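The exercises below ask you to work through a structure step by step. Please look at the sequence and the model first, and then try each task before reading its solution.

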Amino acid sequence: MRFRVTLLLILLAWLPLGAQVVPAPKPGGGGSPKLEVPYRLFTLANGLTVILHQDKSVPLVAVNVWYHVGSANERAGRTGFAHLFEHLMFEGSKNVKEGEFDTLLEAAGGNNNGSTNNDRTNYVIEVPSNAIELALYLESDRMAYLLDTMTPERVNGQRDVVKNERRQSYENRPYGAADLTLDEMLYPPGHPYHWPVIGYMEDLTAASYDDVVEFFKRYYAPSNASLVVAGDIDIAKTRGLVEKWFGDVKPGPAPDPTSIPGVALAGVQKKTITDKVQLPRLYLAWLSPRRFEPGDATLDVVADVLAGGKNSRLYKRLVYDMQVAQDVSAFQASAGLSSSFQIVATPRPGHTVEELQKVIDEEIRKLQTEDPSDHEVQRSLNQIEASFFNRMERVGGFGGKADQLNQYFTNTGDPDWFNEDLSRYRALAPSDIRSAATRFLPVDRRVELTVQPEKK
């Protein structure tokens, strides 16, 4: 009993002031505390969804916008547009000159950033609470008036920046080609996840100014976006400011739904590529349940049991005991249309990927036939829960509460899905881990990619 009370006090100490813990009644009167993150949701006449959350723990405000467009909304031959617009959105709009977006925020003590993935493009701004109107003004101006100042020259300039980023992040980065190759092996041509988020170099080169403008008009309308304002705010006053700055943004047509062809691995797909690296590397990948579907959270724990830290099975056996691997990792790469589960291992000099794959398969089969220990599962759940609460301590930035409110709304329709998310893990038992490994990690239906050093 003392342990349970102490744990509850620790959880309460971790929670930011904007979150509440409500006891969740369960059979027998026990159970973990329930999380609630209060919010207000409303929709402007132009279709923009707005979510407000008050957290007065620090005098900061996060302005977080998700455009519900990512590389999955592109088409073959015209890839990389969503990521290109992530760059263009910082290059000025009708009332904000080129370069002013950053300088105005920095002068007010704020910061900003953006990111793109398969399913969405997001923009994060964090400012002192007395600069909230500046953040809303800047964000609304590029939503409403980006095309007013966008020119072919500006598109060409950012196109070159993106090409250089592709060279740095993939073509000239050790093992960078593996990330591109894995998606092409997991997903057939025509599937929205087949091409890389950053796009193909030839598509970036071939894209015309008119192509780029058309893409913006189709996907960057208020009705295809959601805005979260969280932090040290007054709810009523903030709603008035949002209506002031975003209310006159013109609505746009609803984008066409994304076509999602079925995808499955019928057998083992093997491939070997070369790269400018010193050591070979092994990649094993499976198709897995999409984000928040049954099995998604369970595979996070499977990954942790196999290779989550120095006490995990694969790390202990390959790196410590046998000393045949430099490193090994595993993770569930959750996404909106489909996910992938990956295991990545690098052999030590003098050893081969075949040695590593033999041991990895032995450990997978073992997990498929025997439940992990209670200790292994609890260790994983403790780490997941600690990471969860650490993210909740931040209001802004990637993964902060504002970003999570937007993610939950986009994927579930409920911004306050914090408790449900964490409950997915709290409900797991050792037998669930074994079942997920058996169902989702068949050794005869997967991708096996090997990267070998180029011959000198």
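Tyrosine 123 counts as buried (under 20% relative accessible area with a 1.4 Å probe and protein chains only, where over 50% is exposed and in between is partly exposed), because its relative accessibility is 0%. The model is a predicted one, in which local features need pLDDT of at least 70 and side-chain atom pairs pLDDT 80 or more, while totals for chains, interfaces and linings use all residues. Residues are numbered from 1 along each chain as its sequence is written, and side-chain values use heavy atoms, leaving out hydrogens and water.

**Exercise 1.** Determine how the rings of tyrosine 67 and tyrosine 123 are arranged.

*Solution.* Start with the rule that rings of Phe, Tyr and Trp (its six-membered ring) pair if their centres lie within 6.5 Å, with planes under 30 degrees apart counted as stacked, over 60 as edge-to-face and the rest as tilted. Here the centres are 5.9 Å apart and the planes stand at 85 degrees, so the pair is edge-to-face. Next, place the partners along the chain: tyrosine 67 lies in strand 5 and tyrosine 123 in strand 7, 56 residues apart. Finally, tyrosine 67 is also buried, with a relative accessible area of 0%.

**Exercise 2.** Classify the pair formed by phenylalanine 215 and tyrosine 220.

*Solution.* The distance from centre to centre is 6.4 Å, and the angle between the planes is 55 degrees, which is a tilted arrangement. Both phenylalanine 215 and tyrosine 220 are buried. As a last step, look at the wider cluster linked by ring pairs, whose members include Tyr67, Tyr123, Phe215 and Tyr220.

Notes:
Helix = DSSP H or I, 4+ residues; strand = E, 2+ residues; numbered from the N terminus.
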